[in-house]
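Subject: Handover of a structure and what was found in it

Dear colleague,

Please find below the structure that I am handing over to you. After it, I set out what was found, with each term explained as it arises.

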Amino acid sequence: MQLLLLLAAFLLPHRAGAGEIIGGQEARPHSHPYMAFLQIQSEGAVCGGFLVREDFVMTAAHCWGSRIRVILGAHNIRREERTQQRISVRRAIRHPRYDSQNNLNDIMLLQLENRARQNQFVRPVALPRTQARLSPGALCTVAGWGLISRNRSTDTLRDVRLRVQRDRECSRRFRNYTGQTQICVGDRRERKSAFSGDSGGPLVCSNVAQGIVSYGDAMGTPPAVFTRVAHFLPWINRTMRRFQM
């Protein structure tokens with residue numbers, strides 16, 4: 001029996017509203033060891049993110065805050081699980097061309113105050129090796145902690161499978177969509193929306209983080225827009241080299 005699942009993003013831009021989706025479920029505990037839960041203390045909100053190196057977490061630029069703490073190795077975010085690692089962020093580095101008005105270049109790197117301890121519960125996810133584009137129809141996974149109704153949140157990590165769409169599916173709905181830097185995800189016929197993952201969470205395809213949850217429409221109707229990680233590889237690599245511990 002399919003579960004009704006809503007993993008609404010706490011910090012998605014105003015276009016992305018809350019709505020139920022079909023086909024998601026509670027994730028198998030620690031099956032996504034790269035997942036990060038972000039506590040943005042200065043804003044009193046949270047986002048998702050993902051570990052890409054033992055000292056860096058990737059997320060969306062619109063998840064910025066002056067004080068951020070990262071929780072790694074979590075399944076139930078409301079419990080003090082022995083698997084969890086709580087690490088403060090040393091610096092939040094938004095892409096220099098991030099455009100909050102048009103939701104462009106929505107990517108940010110968080111350098112951790114201390115290196116994460118890698119184990120079976122905490123492990124980085126691979127990034128694309130090249131800037132090759134995903135093929136339409138590719139089946140990917142989004143995970144996150146979010147709302148399961150308008151007034152009820154979930155404590156445990158949930159995930160959902162979504163399909164990559166042709167660029168025209170998003171360009172006809174979102175005026176500023178650009179396939180060069182963004183990915184269109186979620187089949188409107190399946191009624192699964194990309195905002196099913198917390199803002200800043202990863203789109204993982206064949207064990208590679210290809211996208212970052214960015215925005216969707218106000219009703220949560222698929223498809224939705226993800227930042228295309230592969231396009232930003234030069235900036236990602238340059239930034240992580242510059243701030244290497």
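A residue is called buried when its relative accessible area is under 20%, exposed when that area is over 50%, and partly exposed in between, using a 1.4 Å probe and protein chains only. By that rule Leu109 counts as buried, because its relative accessibility is 0%.

Two remarks on the source should come early. This is a predicted model, in which local features need pLDDT of at least 70 and side-chain atom pairs count only at pLDDT 80 or more, while totals for chains, interfaces and linings use all residues. Residues are numbered from 1 along each chain as its sequence is written, and side-chain values use heavy atoms, with hydrogens and water left out.

Overall picture

The protein has two helices and 16 strands; helices (H or I, at least four residues) and strands (E, at least two) are DSSP runs, numbered from the N terminus. Of the 245 residues in the protein, 60% are buried. A contact means heavy atoms within 4.5 Å. Among contacts with a separation of 6 or more, 68% are between residues 24 or more positions apart.

The nonpolar cores

A nonpolar core is a set of buried Ala, Val, Leu, Ile, Met, Phe, Trp, Tyr and Cys residues joined through side-chain atoms within 4.5 Å. Which residues have the most contacts inside the largest core? They are Phe50, Val57, Met58, Val70, Leu72, Leu127 and Ile236, in a core of 50 residues. At least two residues of this core come from each of strand 3 (35-40), strand 4 (45-53), strand 5 (56-59), strand 6 (68-72), strand 7 (85-94), strand 8 (108-112), strand 15 (208-215) and helix 2 (233-242). The core lies between domain 1 (35-124 + 232-243) and domain 2 (126-230), because both give residues to it; the domain bounds come from an automatic or database domain assignment. A second, separate core has 12 residues, including Val142, Leu162, Leu203 and Phe226.

Leu72 can serve as an example from the largest core. Leaving aside neighbours within four places in sequence, the contacts of Leu72 include Met35, Leu51, Val57, Ile87, Leu112 and Val122.

Leu109, introduced above, is found in strand 8. Not counting residues up to four places away in sequence, Leu109 touches Val52, Phe56, Val57, Met58, Arg91, Ala92, Ile93, Trp235, Ile236, Thr239 and Met240. For one of these, Ala92, the C-alpha atoms are 6.0 Å apart, with the two positions 17 residues apart in sequence numbering.

Empty space

Rolling a probe the size of a water molecule over the atoms shows where empty space is left. On a 1 Å grid over the protein atoms alone, a cavity is a set of points where a 1.4 Å probe fits but cannot get out; a pocket is an open set with protein on both sides within 12 Å along at least five of seven lines; and lining residues have an atom within 4 Å of a point. Grid points are joined across faces, edges and corners, and a volume is the space filled by probe spheres set on the points.

There is one cavity of 30 Å³ or more, and the largest cavity has a volume of about 50 Å³. Its lining consists of His30, Ser31, His32, Pro33, Met35, Gly73, Ala74, Phe121 and Leu157.

The largest pocket has a volume of about 200 Å³. Of its 14 lining residues, His32, Tyr34, Val125, Val204 and Asn207 lie nearest its centre. Strand 9 (139-144) and strand 14 (202-205) each give two or more residues to this lining, and strand 9 gives the most, with three.

Points in the loops

His30, in the loop between strand 2 (21-26) and strand 3, has a positive phi near 65° although it is not glycine. Asn103, in the loop between strand 7 and strand 8, also has a positive phi, of about 60°. Asn103 is buried, with a relative accessible area of 5%.

Thr181 lies in the loop between helix 1 (167-171) and strand 13 (182-185) and is buried at 9%. Its contacts beyond four places in sequence are Asn105, Phe226, Thr227, Arg228, His231 and Phe232.

Finally, Pro222 and Pro223 are joined by a cis peptide bond, with omega about 5°.

Yours sincerely
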